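Please open the model in your viewer and keep the sequence panel at hand. The tour below suggests what to select at each stop and describes what is found there.

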Amino acid sequence: METQLDPMKDDLPLMANTSYMLVKHYVLNLDVDFKSKVIEGSIVLFFETGSQYMKTGSAGEECCQSEFDETCKMGASEPCYIPVINVSTSSSKMEYNDFAVSGKEEEATSDENSNHSNSEQASGISSSKGCCSIENYGNKDFLLVLDCCDLSVLKVEEVDVAAVSGIEEFTRSAKLTGVSKKLENLRNWIVHELVTLPADRWKEQLHYFSHCSQAPGCGELLFSTGTWSLEIRKLGIQTPADFPHAIRIWYKTKPEGRSITWTTDQSGRPCVYTMGSPINNRALFPCQEPPVALSTWQASVRTAAGFVVLMSGENSAEPVQLQEGILSWYYYVSMPMPASTFTIAVGCWQEVKQQSFKQTAAIETNTEFSLPSSQSDFRWHEEICGHQEYPCRFQNPAARLQAVIPYRVFAPWCLMESCEEYLLQLIPQCLSAAYATLGTHPFSRLDVLIVPSNFSSLGMASPHIIFLSQSVLPGGSHLCGTRLCHEIAHAWFGLAIGARDWTEEWISEGFATFLEDIFWARAQQQLSHDETKGQQELKALLRWHRLRDEVQNSEEELQVLRPKKESTGELSESGASVVKYGLKAEKIFMQVHYLKGYFLLRSLARTIGEVSFLASLQKFVIKFHGQLILSQDFLSMLLEDIPKQKESGLTVESIFQNWLDTSGIPKPLLEERETWKECQLVQQYHGFELQVTKWFQTNWRIRRNSKKKMKKDEVVFQQLLPDQLVLLLESLLEEKTLCPRILQYLERTYQLREQDAEVCH
């Protein structure tokens, strides 16, 4: 934990005090306005009292004081200031009843003077006056801190959940215990009963969340915004247990907000989407960003007719017309996830459809796809899941047999034909391959969207939705298939199983890179064993080149997979923390977590044996899905399954030392690299080594006889796979001089302009 933090520099602060209050559910009610490039509306947050407060009992003053101390520690070096709130001025211009289910929400939030304090002159992370200032707020009021950036917060209020029709079901036990004597206590009791409903009542739970989110306000709350946070308090409330557990925040995004991008698609039509910002979703809605804040959500999004709203949600939403020219789209999730995984894309997307009988046939054909060995008798599923309770697909017999989950593909109009050519056919193959490797799909459906050309990556996975770059479409099925496999792998590693500390990115990206090869080999069912191994060795060689180049051209501190080492996963008393180097600009484009993570898993698989290693992965998924992990959770379980490896010196500590806690190329990888020169699979696969030699000789011959035309039949070159072409071109780049004629000859021989994006690059 950094004691001094410059939030404009390297580390990304996670400010939310999740140890005191933990969000369990979000309800978003938003309007998307393309003219002003603003998303506006409200979000209702439902909380439980956090673990830290519950441990310390009723020591409310101690809790507030520790929060004060922590916030001050993390403050900017210069004095911090939160403006004094003029309560009388603010509250006089706002009627709480305007925010009932009366449809007056938009009118009420448009009053600029209703803002308690939206000033952003607080520098860095707010300090003493914001937390327990006696002068402004009374004696040690509890401060709720949310992660927030680039938002205009208009109003914060407590929600009167006790006013919801039918809520009496949740108040009976409160009357028996005497909780209902105070209305504030009764409201918090109702929220507690609602968020702790058993998993088999999830539909009822969503119903009540929705109705509670529309309940009238029952008192405005004081708030102030800083660079990275929204801070909320209620006068006279000194403990998290007494603080309102259902609050509504009215806000607007800003056109320059960094969580979403306003742009045009490839057909020139306006769109907006979350593109995986380093600051995650805090510029889309106020939230608790630390991974520990696993929550569910539901969202209603209104936009002009003609636009399609896609979102990370379990349901395939159908629009409802509210008025002429305005449509509303509703999505929900019942599996608790970090707020950072929430994704939205609004645009004039077109659904790319196969002939219906073909898609149905594909799904039916693959439904009984071969079960993973560890799932064939479902022994693992007899165990109780280790995650918090939710309607889990791993406990659903029908879901466990579903090799291909329902899927849809969306794209701008001009790219529909390209999607039909390969992408539609590849999705069921890749989903089946993933199921054959890891078992039950963690999510019930999948949307795939071809995002605008300003998307800086090849793909991004979120719950129920994958973004793909247009770059994966041309040049055959190889790049499209491998990238699709990579993003599908994130459903297990990165989403269903997440890193408890975001600095351990390798848990997500290393696993997805390793599994990408396994999935893609199985998706190409016609490949022989030797062809599969040849492809994988070739890919390893390419990744070695990339890792070597990156290590040579990047800062050492960014090459460490576990930069916080033994303090990885540690939080402050309040729950606040930082993502080390999370804002460092170079880090966004680095692949070291992908590559070193991949080589570690590859090394473990080669040491243990691929079959045993994949069986351990299946077991790990079944045990840890729906949970957050650290590196040692995986490594300890893996080594426990194979006791003989401990005898050979392979321990969690040695893996930390050699792979995760050091910069540069891991020592075991350097030793293994020496054996690759003798690898016959790489040298002989389709005569690749011979092809490279021929090109070197041809280049040398043309340079010697520059005026002599080369006969067409002088050298015969075989066609190469995309990865072989990339390796060939990288090899040729090591030549000091390549004459223009050889470049033209390369283009003619391999039709380079028609190859996929990696070859063209």
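Begin by selecting Ser462, which lies in strand 20, the run of residues 459-462; bear in mind throughout that this is a predicted model. Is Ser462 buried or exposed? With a relative accessible area of 8%, Ser462 is buried, because the cut-off for that class is anything under 20%. Show the side chains of Ser462 and Thr343 together, and you will find a polar contact of 2.5 Å joining them. If neighbours within four places in sequence are left aside, Ser462 is in contact with Thr341, Thr343 and Leu495.

Next, turn to the nonpolar interior. The largest nonpolar core has 163 residues, and those with the most contacts inside it are Ile232, Ile249 and Leu423. Select residues 416-438 to see helix 12, which gives the most to this core, with 12 residues. Where does this core lie with respect to domain 1 and domain 2? Colour domain 1 (14-55 + 139-345) and domain 2 (349-355 + 390-677) separately: both give residues to the core, so it lies between them.

Stay with this core and select Ile249, one of the residues with the most contacts inside it. Leaving aside neighbours within four places in sequence, Ile249 is in contact with a list of residues that includes Gly41, Ile43, Leu146, Val153, Leu230, Ile232 and Pro286. A second, separate core of 21 residues can then be picked out by selecting Ile702, Phe717, Tyr745 and Leu752, which are among its members.

The following stop is helix 24, residues 722-733, whose 12 residues reach 17 Å from the first C-alpha to the last, close to the 16 Å expected at 1.5 Å a residue. This helix is mostly covered, as 10 of its 12 residues are buried; among them are Pro722, Asp723, Gln724, Leu725 and Ser731.

Now display the aromatic rings, for which a search of the whole structure finds 24 pairs. Select Phe34 and Trp262, which form an edge-to-face pair at 5.5 Å centre to centre, with 85° between the planes. Phe34 lies in the loop between strand 2 (21-33) and strand 3 (38-49), while Trp262 lies in strand 10 (residues 260-264), so the pair ties together parts that are 228 residues apart in sequence. Phe34 is buried, with a relative accessible area of 16%, and Trp262 is buried too, with a value of 12%.

Move on to Tyr273 and Phe455, an aromatic pair that is tilted, with 6.4 Å centre to centre and 55° between the planes. This pair links distant parts of the chain, 182 residues apart, with Tyr273 in strand 11 (residues 270-274) and Phe455 in the loop between strand 19 (446-450) and strand 20. Tyr273 counts as buried at 0% relative accessibility, and Phe455 counts as buried at 7%. For a wider view of such rings, select Phe493, Trp506, Phe511, Phe514, Phe613, Phe620, Phe624 and Phe634, which ring pairs link into a cluster.

Finish at Glu318, found in the loop between strand 13 (308-311) and strand 14 (320-323). Glu318 is exposed, with a relative accessible area of 58%. Which residues does Glu318 touch, not counting those up to four places away in sequence? They are Ser328 and Trp329, and the C-alpha atoms of Glu318 and Trp329, 11 residues apart along the chain, are separated by 6.5 Å.

Terms used. Residues are numbered from 1 along each chain as its sequence is written. This is a predicted model: local features need pLDDT of at least 70, side-chain atom pairs count only at pLDDT 80 or more; totals for chains, interfaces and linings use all residues. Side-chain values use heavy atoms; hydrogens and water are left out. Helices (H or I, at least four residues) and strands (E, at least two) are DSSP runs, numbered from the N terminus. Buried means under 20% relative accessible area, exposed over 50%, partly exposed in between (1.4 Å probe, protein chains only). Contact means heavy atoms within 4.5 Å. A nonpolar core is a set of buried Ala, Val, Leu, Ile, Met, Phe, Trp, Tyr and Cys residues joined through side-chain atoms within 4.5 Å. Domain bounds come from an automatic or database domain assignment. A polar contact is a pair of N or O atoms within 3.5 Å; within protein, one must be able to donate a hydrogen and the other to accept it, and residues adjacent in sequence count only if both atoms are side-chain atoms. The expected span of a helix is 1.5 Å times one less than its number of residues. Rings of Phe, Tyr and Trp (its six-membered ring) pair if their centres lie within 6.5 Å; planes under 30 degrees apart count as stacked, over 60 as edge-to-face and the rest as tilted.
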